[in-house]
Amino acid sequence: MKIDTNIPLPTGKRKKPSKYAWAEPMKVGHSVAFDDMKEANRVYVALRNKFGNKRKWTLQTQEDNSIRIWRKL
C-alpha cells in the first residue's frame, strides 16, 4: 500500500450527471425515436417532469411503428 500526501480533499458532493442530459441541447423541432412504447412513455414523462413549463413535448407513433418525441417549445 502506498500512502500519498498533498492530495486535496474533495469539496462538496459530486453530482451524478442527469440521465436525460442528452435532451438539454434539443431545440424546437428536434426529435428522438424509440422502438419501444413503454420506454418512449417513460422518457416522455421524465422530460415533462424535468423541464416543467419551460419546454413542451409531443409523442407520436410513426408509420414505421417507431415512436418519436418532438420538442415543441
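Is R42 buried or exposed? At 51% relative accessibility, R42 counts as exposed. The views below start from this residue and move on through a predicted model, one close-up at a time.

**View 1. R42 belongs to a positive surface patch.** Welcome to the first stop. R42 sits in helix α1, and its partners in the patch are K16, K19 and K38. With a relative accessibility of 51%, R42 falls in the exposed class because that class begins over 50%.

**View 2. Five acidic residues build a negative surface patch.** The members to look for are D35, D36, E39, E63 and D64. A good place to begin is D35, found in the loop that runs between β1 (31–34) and α1 (37–51). D35 is exposed, and its relative accessible area is 77%.

**View 3. E24 and K50 join in a salt bridge.** Let us turn to a pair of opposite charges. Side chains of opposite charge can pair when their charged atoms come close. Here the side chains of E24 and K50 meet at 3.5 Å, N to O. E24 is in the segment before β1 and K50 is in helix α1, so this pair ties together parts that are 26 residues apart in sequence. Both ends are partly exposed: E24 has 40% relative accessibility, and K50 has a relative accessible area of 37%. How many salt bridges does a search of the whole structure find? The search finds one.

**View 4. R71 is buried without a salt bridge.** Follow strand β3, residues 67–71, to reach R71. Which side chain of opposite charge is nearest to R71? That side chain is E24, and the distance to R71 is 8.2 Å. What does the side chain of R71 reach at 2.9 Å? At that distance lies the backbone oxygen of L73.

**View 5. I69 is a buried residue of strand β3.** While you are looking at this strand, pause at I69, which has 0% relative accessibility and so counts as buried. Now find H30 as well. I69 and H30 are 39 residues apart along the chain, and their C-alpha atoms are separated by 8.5 Å.

**View 6. A23 and G12 are 26 Å apart in space.** This distance runs from C-alpha to C-alpha, and the two residues are eleven residues apart in sequence. A23 is found in the segment before β1. Is A23 buried or exposed? A23 is buried, with a relative accessible area of 0%.

**View 7. N6 and N65 each have a positive phi.** Our last stop looks at the backbone. Most residues other than glycine have a negative phi. N6 is not a glycine, yet its phi is positive, at about 60°. You can find N6 in the segment before β1, where it is exposed with a relative accessible area of 77%. N65, also not a glycine, has a positive phi of about 70°. Where is N65 placed? Look in the loop between β2 (57–61) and β3. N65 is exposed, with a relative accessible area of 60%.

Notes. Residues numbered from 1 in each chain as written. Predicted model: local features only at pLDDT ≥ 70, side-chain atom pairs only at ≥ 80, totals over all residues. Heavy atoms only, no water. Patch = residues over 30% accessible without salt bridge, like charges linked within 9 Å, V, L, I, M, F, W, Y side chains within 5 Å. Areas by Shrake-Rupley, 256 points an atom, 1.4 Å probe, with all protein chains shown as cover. Salt bridge = Lys/Arg side-chain N within 4 Å of Asp/Glu carboxyl O. Lys, Arg positive; Asp, Glu negative; His and termini not counted. Charge placed at Lys NZ, Arg CZ, Asp CG, Glu CD. Helix = DSSP H or I, 4+ residues; strand = E, 2+ residues; numbered from the N terminus. Buried < 20%, exposed > 50% of the residue type's maximum accessible area, 1.4 Å probe, protein only. Polar contact = N/O pair within 3.5 Å; in protein donor to acceptor, adjacent residues only side chain to side chain.
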